[in-house]
Amino acid sequence: MTLIANEIYLDKGTDDPVIISYADNRLTIGAEKNPKKKYPKGKKLFRIEYLNATVSFWGLANVQNAKGGGELLCTWLPNFIRHQHSAPSLMDFANRLRDEINLRTYKQYLVNEPSGFHLAGIRADGVPEFIHFSNCDYDPLTASYYNMKDQFKEPFHDFLNRDAVKYGWDGSNPNSFKYTTDQNPVYRNGHIIVHGAVWDSHMHSFRQIFTFPGFTAPQRKSDAEIKKMYRHMLTYISVIYDNWASVKIVGAPWDIEVIRKK
């Protein structure tokens, strides 16, 4: 399956927004049939430099290339990104990606496999964006995916069209956000149950530890320090899967990207 997530931080408003995106590297095609298999690795998170954004995927692993043969999405997607410089916005890029992926997916596979894409970025005015599209619905009560389709649905602007209003977004003014340091949206997909169980408590423990004498919190301005802390927490999740999961469906190494306002 995989685990991907994006976190939006606006505690200093749109003057200094931060998005932290991360994804595991484990490719687990056929994992349920062979849970002891050692699986290959592949990137699932990529920068879109010309849009100051990232794109990541979960579930789907293979597409048809231009010659009609199969290709891993982790090698196909970077090539797609390189050829979309004319995309004027992240939503336009998302629509292009959805349309192309729908042409290249193996329908008989996709209808049985919950899959989707995350797109996260920061606009020139400092307003963050998070967009996703998938082929299924999600039940938060059972932490399960259902109603799988053989094609991907239209991209949806989860943050600006739904969640941002909770934090004061008026739909146009970048300065309208009213954020506090302990409120930040986290968007995650894939096999998310372990992340959901441990992430908030793990983050709370770190915040408490950093108040103790002799400990220094990571500097907000340092991408390297942010990545170091996140890599530790994500490695902890990997250890849980490697030691106690019947199917080791999420695993290290992890890719972590920090997006800031340009």
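**Exercise 1. A loop alanine**

Take Ala217 and work out which residues it touches beyond four places in sequence.

*Solution.* Leaving out residues up to four places away in sequence, Ala217 touches Phe210 and Glu225. Keep in mind as you work that this is a predicted model. Next, place the residue: Ala217 sits in the loop between H5 and helix H6 (223-244). Then check its cover: with 32% relative accessibility, Ala217 is partly exposed. Finally, try a distance: the C-alpha atoms of Ala217 and Phe206 are 8.4 Å apart, with these positions 11 residues apart along the chain.

**Exercise 2. A nonpolar surface patch**

Find the nonpolar patch that includes Ile209, and say how much accessible area its members have together.

*Solution.* The members are Ile209, Phe212 and Phe215, and together they have about 270 Å² of accessible area. Now look at Ile209 by itself: this residue belongs to helix H5 (residues 193-209). Its relative accessibility is 31%, so Ile209 counts as partly exposed.

**Exercise 3. An asparagine and its neighbours**

Is Asn25 buried or exposed, and which side chain does its own side chain meet in a polar contact?

*Solution.* Start with the location: Asn25 is in the loop between strand S2 (18-24) and strand S3 (45-48). Its relative accessible area is 8%, and because buried means under 20%, Asn25 is buried. The polar contact runs to the side chain of Asp255, at 2.9 Å. To complete the picture, list the contacts more than four places away in sequence: among them are Pro40, Lys41 and Gly42, along with Gly251, Pro253 and Trp254.

**Exercise 4. An enclosed helix**

Why can helix H1 (residues 73-82) be called largely enclosed, and what do its buried residues pack against?

*Solution.* Count first: seven of the 10 residues of H1 are buried, so the helix is largely enclosed by the rest of the structure. Then name them: Leu73, Cys74, Trp76, Leu77, Pro78, Phe80 and Ile81. Their packing partners are S3, strand S4 (53-58), strand S5 (62-64), strand S6 (70-72), H2 and strand S7 (116-122).

Stay with Cys74 for a moment. Its relative accessible area is 13%, which makes it buried, and Cys136, at 5% relative accessibility, is buried as well. As for disulfides, the count comes to zero.

**Exercise 5. Salt bridges**

How many salt bridges does the structure hold, and which parts of the chain does the pair Arg220 and Asp11 tie together?

*Solution.* The total is 18 salt bridges. One of them joins the side chains of Arg220 and Asp11, at 2.9 Å from N to O. Arg220 lies in the loop between H5 and H6, while Asp11 lies in the loop between strand S1 (3-9) and S2, so the pair ties together parts 209 residues apart in sequence. Arg220 is partly exposed at 22% relative accessibility, and Asp11 is partly exposed at 28%.

Now take a second pair: Lys153 and Asp137 meet through their side chains at 3.0 Å, N to O. Here Lys153 is in the loop between strand S10 (144-146) and helix H4 (158-163), and Asp137 is in strand S9 (residues 137-139), 16 residues apart.

For a pair within one helix, turn to Asp158 and Arg162, whose salt bridge spans 3.6 Å, N to O. They are four residues apart in helix H4, which means about one helical turn separates them. Asp158 is buried at 4% relative accessibility, whereas Arg162 is partly exposed at 40%. To finish, follow shared partners: salt bridges join Asp11, Asp16, Arg220 and Lys221 into one network.

Methods
Residues numbered from 1 in each chain as written. Predicted model: local features only at pLDDT ≥ 70, side-chain atom pairs only at ≥ 80, totals over all residues. Heavy atoms only, no water. Patch = residues over 30% accessible without salt bridge, like charges linked within 9 Å, V, L, I, M, F, W, Y side chains within 5 Å. Areas by Shrake-Rupley, 256 points an atom, 1.4 Å probe, with all protein chains shown as cover. Salt bridge = Lys/Arg side-chain N within 4 Å of Asp/Glu carboxyl O. Helix = DSSP H or I, 4+ residues; strand = E, 2+ residues; numbered from the N terminus. Buried < 20%, exposed > 50% of the residue type's maximum accessible area, 1.4 Å probe, protein only. Polar contact = N/O pair within 3.5 Å; in protein donor to acceptor, adjacent residues only side chain to side chain. Contact = heavy atoms within 4.5 Å. Disulfide = S-S within 2.5 Å.
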